[in-house]
Each structure stands twice: as C-alpha cells, then as structure tokens.
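Here are some notes to read with the model open beside you. I have kept each point short so that you can click through the residues as you go.

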Amino acid sequence: MAYLYFSLALVAVYIGITLLLHLQFGRVGIVNFGVVGFWGLGMYAHGVFMVTLGLPWLVALLLATLLVGLFALALGALVLRLDGQSVLVATLAFATIVLHLVTTEKWLTGGVVGFGTIEYPFDFGAATEPAYLALILAFVAVVLVYALRLDSSAYGRLLSAIRDNEPLAHGLGKPTFRHKLIFFAVTSAGMGLFGGLSASLNQFLTPNMIAPGVTFTAWIALVLGGKDHPWGAIIGVCATVGLFDVFIETFAPIPADYALLVPNIKLMLYGAFLVVIMLYRPSGVLGGYGRRG
Amino acid sequence: MFEITGLQSGYGGVTILKDVALSADREVYAVLGANGAGKSTLLKTLAGIIRPTAGEIRFNGERIDRLPAHKIAALGIGYVPQENCVFPDLTVAENLSIGGILGKRSKADRLAELYDLFPDLQERLDQKAGSLSGGEGQMVAIGRALMQEPSVLLLDEPTAGLSPRYTDLLFRRVAEISREKQVTVVLAEQNVTSTLGIARKVHVLSLGKTHLQGATDEVSIEQVRQGYHI
Amino acid sequence: MTVEAKLSIAGLEKSFVGRKVVSVDRLEIGRHGIEGLIGPNGAGKTTLMGLITRKLKADAGTLIYRPGGTEIDLRQMSMDQVARAGLVKTNQVIQDFETLSIRDSLRLALAPAEREQFWTVFTKRRKRDAVEAEIDEILSHFPFENPNGDARSAGEKKLLDIIRCLLLKPKVLLMDEPTAGLPDDLTRAVMTLVQKKVAEEDLKVFIIEHDLDLIWDYCAHVNFLADGRLLCSGTPQEVKDHPVVVEKYMGVVDV
Ligand SMILES: Nc1ncnc2c1ncn2[C@@H]1O[C@H](COP(=O)(O)OP(=O)(O)OP(=O)(O)O)[C@@H](O)[C@H]1O
Ligand SMILES: Nc1ncnc2c1ncn2[C@@H]1O[C@H](COP(=O)(O)OP(=O)(O)OP(=O)(O)O)[C@@H](O)[C@H]1O
Ligand SMILES: [Mg+2]
Ligand SMILES: [Mg+2]
C-alpha cells in the first residue's frame with residue numbers, strides 16, 4: 001500500500017512540474033529543456049539544508065525554492081533575450097551541470113553513493129504517506145488554479161501577447177523581457193519546490209534520479225496532452241507516468257522475468273504515442289489555441 | 001485561360017468565399033473589395049495555398065483545384081502573397097533564384113529585365129531579405145514571381161508599400177506583360193482608380209460574395225465603390 | 001510665437017554593414033499638428049522612426065523628447081519606456097497577436113502595468129466598464145464586423161495596429177504607412193479620427209506615407225528624405241513642386 005502512495009505522489013509531482021512547463025512553454029513560449037535541473041537542484045538543496053544544516057523541513061523547502069529561483073533568474077537574465085534554440089541549449093546545459101556537480105561533489109551530496117535520510121515533515125504512523133500525498137496535491141492544486149485563472153486575466157493576456165509577438169508587445173510599452181524573466185524565475189522555482197517535496201518522498205537521493213529522463217517525460221506528457229491547456233498537462237502525465245508507473249507496475253501481473261523490460265517498453269511506447277499524436281493531433285489531445293488556416 | 005465556377009473556400013470550417021465564378025484570359029483581371037471581403041482568400045485558393053470546399057478551378061481546361069501549391073506553381077502560375085512574401089533568412093539574390101528555377105529564358109536576361117524595373121534591387125543582392133525596407137521586400141516578392149515567367153500572375157496588393165514612382169512603373173509593367181506576353185494577371189488592389197486604368201475586367205467582392213463583375217468600360221467607379229459600403 | 005517642438009533630433013546617424021542609412025542633421029517634430037515624411041523606398045524613413053522609438057540604437061546624435069515641461073534624453077531609454085512616455089509607432093509591416101481577439105488586443109493596450117503582474121492573477125477581478133466603453137467608442141468609427149472576433153485579413157490587422165496605438169493615448173504618434181492596404185474611405189476615416197484627436201488632445205502626429213493625396217490633404221508640413229538625408233521640407237505645396245522631389249520620387253505621368 002505504501003508503494004501505491006509513493007507512486008501516486010510521483011504522479012502528482014510530475015503533474016506539478018508538467019503544469020509549470022505548460023506555463024513556461026505553452027503560455028510564454030520558453031523552451032525549458034532543463035526541467036530536471038531545477039527540480040533536482042531543489043531536491044538536493046532541500047536534502048542538504050535539512051540533513052547537513054539541520055534546518056526544519058519547511059525552512060529548508062522554502063530556502064531550496066528560493067535558491068532555485070535565484071539560479072533561474074541568473075540563467076534567464078543571460079539567455080531569455082536569445083532565440084528559442086539558445087534557451088533550449090542553455091537550460092539543457094544547466095541540467096547537465098547540476099547532474100555533474102551532484103555526482104562529483106561527494107562532500108556535499110554523497111556522489112553516486114547517495115545522500116540521506118530525508119525524513120517526512122510529520123509522522124502520523126500509517127497515515128504519513130497519504131498525508132504527504134495530500135500535501136503535494138495541495139501544491140499541485142495551487143499551480144493548477146493559477147494556470148486556469150491565467151486564461152482570463154490581464155496578466156495571462158500579456159503573456160499570450162509576448163508569446164505571439166514579443167516586439168509588438170514591447171512597442172506597446174510592455175516591459176516584455178522583465179515579465180519573461182520574472183515568470184521564468186518563479187515557475188522554475190516552482191519546479192524546485194516540487195523537487196524539494198520529492199526529497200522527503202525519496203528519502204535517499206542518488207544522481208540517477210536527476211537524469212534527463214525526467215525532463216523528457218515532462219515534455220512528452222505535455223505534448224501528448226496539449227501544451228496550450230493546463231488540463232493537457234494532467235491528461236498527459238496520467239497517460240504516461242500514471243499508466244506505467246502506477247497502473248501497470250502496481251496492478252498488472254507482470255512475471256518477474258519480464259519486469260526488467262518494463263522501463264524499456266515504456267520508453268518505446270512513449271515514443272510511439274508521441275509519433276501518433278504528432279501525426280493526427282499535432283497540438284496534443286486537447287488541441288491548440290490557434291485557429292489559423 | 002483561367003476559369004472558376006461555384007467556388008467556395010475558407011479557413012478551418014469557416015466559409016469565406018461563397019459561389020464565386022470568374023474567367024480570365026490573357027488580360028488584367030482586377031479583384032476589388034473592402035478589408036476582409038475575401039480578395040486574399042480568393043488568390044490563396046487559386047494558388048493552391050488553401051483548398052476550395054466546393055467548385056472548380058480550371059486552367060487551360062484542366063482542373064487544378066485538387067493540386068498542391070507547388071504543382072500549381074509548376075504549371076506557370078506565379079503568386080505574390082500579401083503578407084510574409086519573402087524568405088527572410090535568404091538573401092535577395094537567393095530569393096530571386098527560387099523564382100528563377102521555373103522560367104524558360106536565360107536567367108541573366110530575366111534578371112536584367114527585373115533590374116530595369118526595380119534598379120534598387122541590384123544594390124541589395126547580398127542583403128538578407130528579412131532586413132529590407134517594406135517597399136524593397138515587396139519588390140523582391142514581385143521580382144521572384146516575375147522571374148518565374150508565369151503565364152498567370154496572381155498579385156495580392158502588389159503596390160502596398162511602393163513609392164508613387166514604383167507604383168506607376170509596376171502598373172505599367174503589369175499592363176505591358178499582359179498585353180505583350182499574353183499573361184493573365186489577377187490583381188487584388190486597394191488603389192481603385194489606377195487598377196481600373198489597366199484592367200479589362202473587374203470583380204468586386206463584398207463579404208465573400210460577388211458584388212459586381214464585368215468589363216471595366218461598362219462599370220462605373222460609383223458602382224464599384226458601392227461594394228465597399230455594406 | 002513658435003510652438004516648442006516635442007521632439008528634437010540632431011546629428012542622428014545609423015549605418016548597416018557600412019552603409020549609412022540615416023544621417024539627419026536637424027529635425028524638429030511637433031510644431032505642426034500632423035506632419036508628413038515622404039521619400040523613395042529604402043530612403044531610411046522606417047529606420048529613422050525606429051531610432052526615435054529606440055527599437056534601433058543610433059550610432060551618433062541626440063534625441064530630445066519634451067512630453068510636458070520636462071526634457072527627456074531618449075538615448076537613455078528602452079523601447080517600452082519610450083512608449084509609456086507617450087511616444088508610440090504603428091508598424092509598416094503587418095503585425096498581430098495571433099491568439100488574441102480584436103477586443104482582447106485592445107484591452108491589452110489599455111491595461112495598466114499594475115494589473116499585469118505575476119500575482120494579480122489571484123486578485124479579485126473587477127469589471128472595467130470604462131475600458132469596455134472606451135473600446136466600443138473607438139471601434140464605432142470603424143466597420144469591424146464582429147469586434148469580439150479576430151482580425152484576420154491584412155487590412156483588418158493593419159487597422160487594429162493603428163487603433164491599439166491610439167488607445168495608448170500617445171503625445172507623439174509615429175505612423176509608418178498606416179493606410180497601405182486600406183481602401184480610400186477607411187483611410188479617410190482613420191485620418192479624420194487622427195485629426196480630431198490632434199485638435200482635441202495633446203497629440204502630434206508624424207506620418208510616413210506613399211499615398212501622396214493623403215499627405216497633401218492632411219499634413220501641415222512635409223519632410224522629404226532620400227538616401228538617409230533630409231533633402232527638403234516645407235508646406236505641402238512647396239514640397240510638391242520641389243524639383244528634387246519630382247525627380248526622385250514622384251510618379252510617372254503617362255500610365
Ligand atoms: N537590419 C538591416 N541590415 C541591413 N540593411 C538594412 C537593415 N534595415 C534596413 N536596412 C536598409 O536600410 C535602408 C532603409 O530602410 P528603411 O526601412 O528605413 O526604408 P524606408 O524609407 O522605410 O523604405 P520603404 O518606403 O520601402 O519602407 C534600406 O535600403 C534597407 O535595405
Ligand atoms: N487565416 C485565416 N483564418 C481565419 N480567417 C481568416 C484568415 N484569413 C482571413 N480570414 C478571414 O477571412 C475573411 C476574408 O479575408 P481576406 O484576407 O481574404 O480579405 P481581403 O479581402 O484580402 O482583405 P484585405 O483588404 O484586408 O487584405 C476575413 O473576414 C478574415 O477575417
Ligand atoms: Mg488581403
Ligand atoms: Mg518603411
């Protein structure tokens with residue numbers, strides 16, 4: 001049962017970061033291929049603040065989020081003026097650097113041996129895991145409500161304008177770069193927050209947890225579900241992580257001999273899903289905003 | 001010979017043009033109308049950029065309304081769109097060569113003829129088309145189509161952005177190629193008086209429907225203008 | 001008494017890959033209500049306006065802007081600051097926001113900065129009747145079939161671009177070929193509205209056009225630019241008959 005809660009919490013975390021990716025890419029057109037970098041930095045920072053520095057759980061979480069936000073601010077200031085490809089490469093490089101440093105800086109992170117133990121913030125006995133799942137879901141709900149409200153708000157309209165035609169919005173007196181930078185920093189900090197939340201979930205951190213696969217999974221889920229809709233992120237994550245990591249791993253009776261194949265088959269099917277979606281519904285299951293002929 | 005009957009066309013389920021018919025043969029055929037009347041939609045449909053939902057388009061007797069845009073271009077139908085009409089990352093010379101692939105006479109001859117019309121282009125050959133001024137970009141778009149030596153030329157507001165001098169020269173050239181080279185020109189324009197000056201037939205669209213069509217000599221400018229006030 | 005110019009330009013220069021595209025010794029804008037700028041294709045008109053709005057950085061020269069009593073050195077400012085200070089430009093090349101409807105696009109222009117912040121998404125929304133009324137008012141001058149729909153044809157987008165800029169309530173409005181692609185009656189409607197605003201509000205207009213009838217009819221003062229230089233300026237009549245203008249720019253008579 002505990003494992004089911006773990007899997008569901010994992011799905012919730014993925015929904016959180018994919019929603020944030022929807023905000024960045026679907027809303028403003030920022031191509032963030034370093035999702036795992038922000039998430040992983042948040043996770044390790046939370047762990048280090050709690051275990052090494054002995055800070056309380058909540059303080060550690062807030063500091064980790066802040067730290068990731070500052071890194072995103074610095075990275076964004078450097079690259080957000082550039083075109084999409086440069087942003088893609090820069091964020092990907094950022095994630096790679098995070099992974100590299102986590103592996104090599106053994107004194108801080110334990111390197112490949114791993115780092116732990118990061119306790120839950122509370123102990124309710126058997127109710128601990130469900131309570132923690134509820135906590136993560138609460139954060140996901142905040143992001144979801146934000147994403148939904150954006151649709152009809154003045155700020156959301158401004159973001160759409162920046163995505164559609166940044167120079168035009170700039171000429172209308174909107175400080176587009178500043179808006180992009182703040183939005184990128186806050187949403188990336190949000191990814192760091194979900195990383196921090198994942199630390200207690202995993203309890204013991206190893207570098208292989210922050211491999212690029214996390215980024216790709218979030219992207220695949222977003223593109224599958226439809227990048228332009230908050231619900232697209234949720235549908236996409238349920239159809240990928242939800243289907244494989246929860247449904248199949250928990251409920252499908254896979255013989256032990258084949259269990260090792262599951263992750264590989266999973267990746268193959270993700271790819272196949274993606275190809276089919278691209279062929280028949282290029283804007284994702286929920287379709288796009290654009291009505292252009 | 002260009003013949004269109006019962007044409008219906010639009011964007012993603014929204015019908016814009018309804019039951020448009022026309023025939024143009026080695027003449028300047030003017031398409032006029034208010035903003036949003038459907039002039040560009042008509043030209044895009046003829047060029048194969050969007051597919052008609054009903055009706056027929058015949059070119060020299062052959063149906064072409066099911067052909068993709070590049071096949072239509074290969075038949076000798078040149079198209080100058082109203083927006084995004086140059087390849088911004090290619091140089092002027094490259095933009096012109098793209099049109100040049102299709103023509104029959106030697107490329108140098110055709111280029112010389114073009115520079116005779118737009119001498120400015122010659123000085124801009126190595127510049128990226130995306131950094132040209134509005135009028136220069138328009139000249140490149142027109143030049144690319146002329147380089148194709150088309151037998152049908154679809155021009156969507158070609159004089160927008162051109163100086164008065166070039167506007168006059170372009171109208172003159174258009175009249176000349178239709179007269180001397182027997183080119184059919186379908187010309188969408190806002191410049192009513194000058195257009196009526198060179199067109200043999202005029203077609204006024206209003207809200208996607210034909211408001212008026214006929215020979216220019218038999219149509220008064222008041223009748224044309226009525227099509228704008230609906 | 002001469003009216004003080006809203007915008008004073010001196011020694012302004014701009015080169016692209018070694019070619020000097022703008023080289024304007026002196027230009028004062030805002031002494032006359034509506035002022036025109038004409039010149040051949042590639043003369044540097046759009047570039048000149050881009051330098052004024054800070055879309056482009058000048059190589060040399062000064063740009064002084066006087067919105068009220070104060071003097072502002074535009075060289076210190078970014079394009080959005082310039083726009084917020086009341087110096088706005090319409091676009092020659094058609095520009096639009098693909099996913100915004102006509103009304104949303106106009107709401108964007110009217111939205112104050114404090115409502116467009118990250119956290120305002122969570123604050124309570126007030127209905128802004130004044131904004132909607134202002135949008136309805138300006139749209140009533142133009143024949144948009146459905147103001148809640150999208151502007152899709154080239155002319156519709158062009159018109160929307162102009163309306164957006166007017167809603168910003170500029171003090172100096174730079175118009176770059178505003179009416180290319182608009183039919184005559186609409187051109188007149190646009191210019192009549194602009195004229196009305198110039199008469200009633202603190203607005204000066206500087207307008208690039210190749211539609212000479214418009215220039216002669218609406219401008220009190222006209223400048224002629226060729227190869228980046230101001231070759232002559234004066235009343236429409238003076239410019240119309242100037243031999244240089246006739247030689248370099250005017251149409252050829254026999255069509
Ligand atoms: N980024 C650039 N790089 C190189 N050349 C440029 C660039 N931008 C403009 N130019 C050149 O500068 C010249 C002036 O351009 P500009 O757009 O100011 O002309 P314009 O007077 O507005 O002409 P038009 O009436 O055709 O719009 C043109 O010859 C153009 O090719
Ligand atoms: N890509 C598109 N998607 C949806 N609707 C479109 C699209 N392009 C044009 N329309 C709509 O189709 C109608 C006709 O547009 P079209 O561009 O053909 O007008 P036009 O006569 O060329 O006008 P203009 O003089 O402004 O260029 C308009 O109502 C316009 O809003
Ligand atoms: Mg059009
Ligand atoms: Mg220009």
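1. Let's start with B:S40, which counts as buried because its relative accessibility is 17%, under the 20% cut-off. Please remember while you look around that this is a predicted model. B:S40 is also a metal donor: its OG atom and the OE1 atom of B:Q82 are the protein donors of the magnesium ion (ligand 3), at 1.9 to 2.0 Å from the ion. The two donors come from distant parts of the chain, 42 residues apart, with B:S40 in helix 1 (residues 39–46) of chain B and B:Q82 in the loop between strand 6 (77–80) and helix 3 (92–100). B:Q82 counts as buried too, at 19% relative accessibility.

2. Chain C has a magnesium site to look at as well. Which residues coordinate the magnesium ion (ligand 4)? They are C:T46, through OG1, and C:Q92, through OE1, at 1.9 to 2.1 Å. This pair links distant parts of the chain, 46 residues apart: C:T46 belongs to helix 1 (residues 45–52) of chain C, while C:Q92 sits in the loop between strand 6 (87–89) and helix 3. C:T46 is partly exposed, with a relative accessible area of 29%, whereas C:Q92 is buried at 14%.

3. Next, the charged pairs. Over all chains, the whole structure holds 36 salt bridges. One to click on is C:D176 with C:K89, whose side chains meet at 3.5 Å, N to O. C:D176 lies in strand 7 (residues 172–176) and C:K89 in strand 6 of chain C, so this salt bridge ties together parts that are 87 residues apart in sequence. Both C:D176 and C:K89 are buried.

4. C:R103 and C:E132 make another salt bridge, at 3.0 Å from N to O. Here, too, the partners come from distant parts of the chain: C:R103 is in helix 3 and C:E132 in helix 4 (residues 129–139) of chain C, 29 residues apart. C:R103 is buried, with a relative accessible area of 12%, and C:E132 counts as buried at 17%. Do zoom out a little afterwards, as C:R103 and C:E132 belong to a network of salt bridges that also includes A:R157, C:D104, C:R107 and C:D136.

5. In chain B, have a look at B:R66 and B:D65, whose side chains form a salt bridge of 3.9 Å, N to O. Are these partners buried or exposed? B:D65 is buried, with a relative accessible area of 4%, and B:R66 counts as partly exposed at 47%.

6. C:S105 is worth a stop on your tour of helix 3 (residues 102–110) of chain C. C:S105 counts as buried, at 1% relative accessibility. The side chain of C:S105 makes a polar contact of 2.7 Å with that of C:R164. Beyond the neighbours within four places in sequence, C:S105 is in contact with C:F97, C:L100, C:L160 and C:R164.

7. C:P236 is found in helix 8 (residues 236–241) of chain C and counts as buried, at 14% relative accessibility. What does C:P236 touch, not counting residues up to four places away in sequence? The answer is C:W216, C:C219, C:A220 and C:V222. For a sense of distance, the C-alpha atoms of C:P236 and C:A130 are separated by 40 Å, with their positions 106 residues apart along the chain.

8. Now for the surface of chain A. A:V59, A:L63, A:L66, A:L70 and A:L73 form a nonpolar patch there, with about 410 Å² of accessible area together. One of these residues, A:L70, is in helix 3 (residues 57–79) of chain A.

9. Finally, two backbone angles to check. Most residues other than glycine have a negative phi. B:D19 is not a glycine, yet has a positive phi of about 50°; B:D19 is found in strand 2 (residues 14–24) of chain B and is exposed, with a relative accessible area of 58%. B:E157 also has a positive phi, near 45°. B:E157 lies in the loop between strand 7 (152–156) and helix 7 (164–180) of chain B, and counts as buried at 5% relative accessibility.

How values were computed:
Residues are numbered from 1 along each chain as its sequence is written. Chains are lettered from A and ligands numbered from 1 in the order in which they are written. This is a predicted model: local features need pLDDT of at least 70, side-chain atom pairs count only at pLDDT 80 or more; totals for chains, interfaces and linings use all residues. Side-chain values use heavy atoms; hydrogens and water are left out. Donors are N, O and S atoms within 2.8 Å of the metal (3.2 Å for Na, K and Ca); water is not among the atoms, so sites may look incomplete. Helices (H or I, at least four residues) and strands (E, at least two) are DSSP runs, numbered from the N terminus. Buried means under 20% relative accessible area, exposed over 50%, partly exposed in between (1.4 Å probe, protein chains only). Patches are made of residues with over 30% relative accessible area and no salt bridge: like charges are joined within 9 Å, nonpolar side chains (Val, Leu, Ile, Met, Phe, Trp, Tyr) within 5 Å. Accessible areas come from the Shrake-Rupley method with a 1.4 Å probe; for residues, only the protein chains shown count as cover. A salt bridge is a side-chain nitrogen of Lys or Arg within 4 Å of a carboxyl oxygen of Asp or Glu. A polar contact is a pair of N or O atoms within 3.5 Å; within protein, one must be able to donate a hydrogen and the other to accept it, and residues adjacent in sequence count only if both atoms are side-chain atoms. Contact means heavy atoms within 4.5 Å.
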